Structures are given as structure tokens and as C-alpha cells.
Amino acid sequence: MRYAGTVYRPPSEANSFLLQATIGCSWNHCTYCAMYRDKEFRVRPLAETLVDIAAAGHAFGAQVRKVFVMDGDALTMGIELWEPILHSLKDAFPNLRRVSCYATALNLLVKEQEELRRLCDLGLKLLYIGPESGDDVTLKRIAKGASSADHVEAAAKAREAGMKQSLIFLLGAGGTERSIEHATASARLATAMDPEFLSTLTLMLIPSTPIYRLAENGRFKMPSVEGLLRELRIIVAECKPTDTVFRSNHASNYLPIEGRLPRDREAILKSIDAALSGDAPVRAEWLRGL
Ligand code: SF4
């Protein structure tokens, strides 16, 4: 396969075939994100993408059950590109169960409802969306490019189309100043978007990013470990999804947790309280990563 630069995928796509149909992120402004700063966004020529699919089909064929389409917001591609890609994936991988990609709220909002339905019917079943926060002040500060209301509208379109959603919220994104507002509004937004999968990551300050420079200049202050655990506790205690798989087991987090919400809420809160009181260990700093 030809991959341009470093590629990223969600942890749950570890066994998926990774298809790089776009390069970089069409937004590329989020102040905490370093993933695609070295890439100028472009859509790969369709012919190249189709050649990669055919080659992977010959090599792996029936073994492939899941495909993750990259890079940072592949849903930005027009339906005229998605359609042949999804058809080719079906032809190449007879046991294909689902195709997924990262998506922004804007990607969803600019697409017609019928287009999203068509993409879902052709196999694009799961979108990974990172609102990161439900707090509009925080969303503006981190330059997410969409408000909490935009995310609610985008989620409704995805659901109406039949697509599942995996949402990511970023502990620490509001700094110490907006910590509580960030957590309570994130719980509210998670409730409103009502995803099938919900996870938290913890902000890591990466030297090439604007938020790192703000922190260096004293204009952004990262919450303490206790503050981050309190944000996690608020999100778990206050979000009210219908039924979601909740995970905080990403390597950036201090406390790896897994369960279903609302079913396992009390058990998860107990684990967080044990970490807060020092009765359970948190992940050592040197074990954390992206
Ligand atoms: S939309 Fe995603 S990939 Fe693009 S800059 Fe923001 S966090 Fe990074």
C-alpha cells in the first residue's frame, strides 16, 4: 500500500484495512492537534485509490471485515468519489462488514441527507466524530470550527442516515479556567448526540501546536490529574445516552475504564472515586502517550 506520511486510526480499527483516500485534514486548525500539520490537504486521485483497493483485495480478500478510510476527515470527499470507492471495497472484500472514517460536524452538515443515506447503504456505517467539548467557549478557543448546536444537528443527520457514531471528548480541553463548564457541557452534548460509542482522551500538549505555545506563555493551564479525573467523573455522572459503550482506555488517559452507559454508571463512578481518593493507582506519566 502507498501511504503518505504518518497515518492515524482509532484504536478499535487496529485490525482494519487502512485506505488512504484523502491526505491530511481539510480543516487542520484545531489548536491541540498535531496529526496533519505537515500535510497539505488533498484528495488522492480516484484511480490511485482504486488501484490500492484492488491490490489489497488480491492480497487479503476474504480476511478483511472492516475498512477505515483515512486521513483526518475523509467524509469531506464528495459522493462522486465515495460511491466508486465503496463499490470497489465491496468487490474486493467479500466479507466486508463495515466501512468507517473520521468526520467533522461540518462534513455532515454540508452533505445532503439523501447522500448520507446512500453512503450508509453502500457500507459507510460508522463515523468517528471528535466534538472534544460541549462548551462553546472552549470549542471556540480550540478552533474546532463548529459549535455544540452544530454537533447536535450533525449527529441527527448521521442517525437519520442510519450511521453509527463514535464520539470523542478531550479531558483538559477547557484548561483550568473552563474545566467544570467543559465537563458539564460535554456530558450534555454527549446526551444530545446519543452515540453508540463514547470515549474520552486526555489533552497532551505537543510542541508543534498552538495550544502548547499558549501554555508556554501562561495563557493556557492544564488541569491537574485530580482535575482531569473530576472532569471524567462529571461526564460519566451526567451524560444520559440511550445505551453507549464507554471507554477511557486510550493511552493518553490516567484512568483506563470500560463499560456501558447508563448500565455500568455506578461501577464506573466507583472506580473514578477510588482513583480520586488514592485507593486505586492512576497510569504513570511515562506510560502515557498518543
Ligand atoms: S478536525 Fe481532527 S484531524 Fe482535523 S485538525 Fe481537528 S482534530 Fe486534527
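**Notes on the strands and helices of this predicted model**

1. Glu132 sits opposite Phe169 of strand E7. Keep in mind as you look around that this is a predicted model. The two strands behind that pair are E6 and E7 (residues 164–171), which run parallel and are joined by 5 bridges.

2. Stay with E6 for a moment. This strand covers residues 124–132, and 8 of its 9 residues are buried, so E6 is largely enclosed by the rest of the structure. E6 also pairs with E5, again in the parallel sense and again through 5 bridges. If you want a spot to click on, take Ala103, whose bridge partner in E6 is Ile129. So E6 has a parallel link to E5 and another to E7. As a reminder when you check which way side chains point: in a regular strand they alternate between the two faces of the sheet.

3. Further along the chain, what is the sense of the pairing between E8 and E9, parallel or antiparallel? Strand E8 (residues 197–202) and strand E9 (residues 244–247) are parallel, with 3 bridges between them. Leu198 has Phe246 as its bridge partner in E9. E9 then pairs with strand E10 (residues 258–261), but here the strands run antiparallel, over 4 bridges. Val245 marks that pairing, with Arg260 as its bridge partner in E10.

4. Now the helices. Two packed helices are described by the angle between their axes and the distance between the axes. For helix H1 (residues 46–60) and H2, the angle is about 15° and the axes are 9 Å apart. H1 and H2 are therefore roughly parallel, and their crossing is right-handed. On the H1 side the contact takes in Leu46, Thr49, Leu50, Ile53, Ala54, Ala56 and Gly57, and these meet Leu81, Pro84, Ile85, Ser88, Leu89 and Ala92 of H2. By type, that contact has 10 nonpolar residues, 3 polar and no charged ones.

5. H2 also packs on helix H4 (residues 113–121), at an angle of about 15° and with the axes 10 Å apart. That makes H2 and H4 roughly parallel. The crossing of H2 with H4 is left-handed. Ile79, Trp82 and Leu86 of H2 meet Glu115, Arg118 and Leu119 of H4. This contact splits into 4 nonpolar residues, no polar ones and 2 charged.

6. Is Ala154 buried or exposed? Ala154 belongs to helix H6 (residues 148–161). It is buried, because 25 other C-beta atoms lie within 10 Å and the cut-off for buried is 20 or more. Leaving out neighbours within four places in sequence, Ala154 is in contact with Ala105, Leu108 and Leu109. Ala105 is 49 residues from Ala154 in sequence, yet their C-alpha atoms are 5.3 Å apart.

7. For a contrast, try Asn95, in the loop between helix H2 (79–92) and strand E5 (98–103). Asn95 counts as exposed because it has 10 C-beta neighbours inside 10 Å, and exposed means 12 or fewer. Not counting residues up to four places away in sequence, Asn95 still touches Ala62, Val64 and Arg65. With Arg65, the C-alpha separation is 5.5 Å, although the two residues are 30 apart along the chain.

Technical notes: Residues numbered from 1 in each chain as written. Predicted model: local features only at pLDDT ≥ 70, side-chain atom pairs only at ≥ 80, totals over all residues. Pairing = 2+ DSSP bridges. Contact = placed C-beta atoms within 7 Å. Axes fitted to C-alpha atoms, helices over the stretch in contact; angles between N-to-C directions. Parallel < 35°, antiparallel > 145°, perpendicular 65-115°, else oblique. Left-handed = near helix turned anticlockwise from the far one by under 90°. Nonpolar A, V, L, I, M, F, W, Y, C, P; charged D, E, K, R; others polar.
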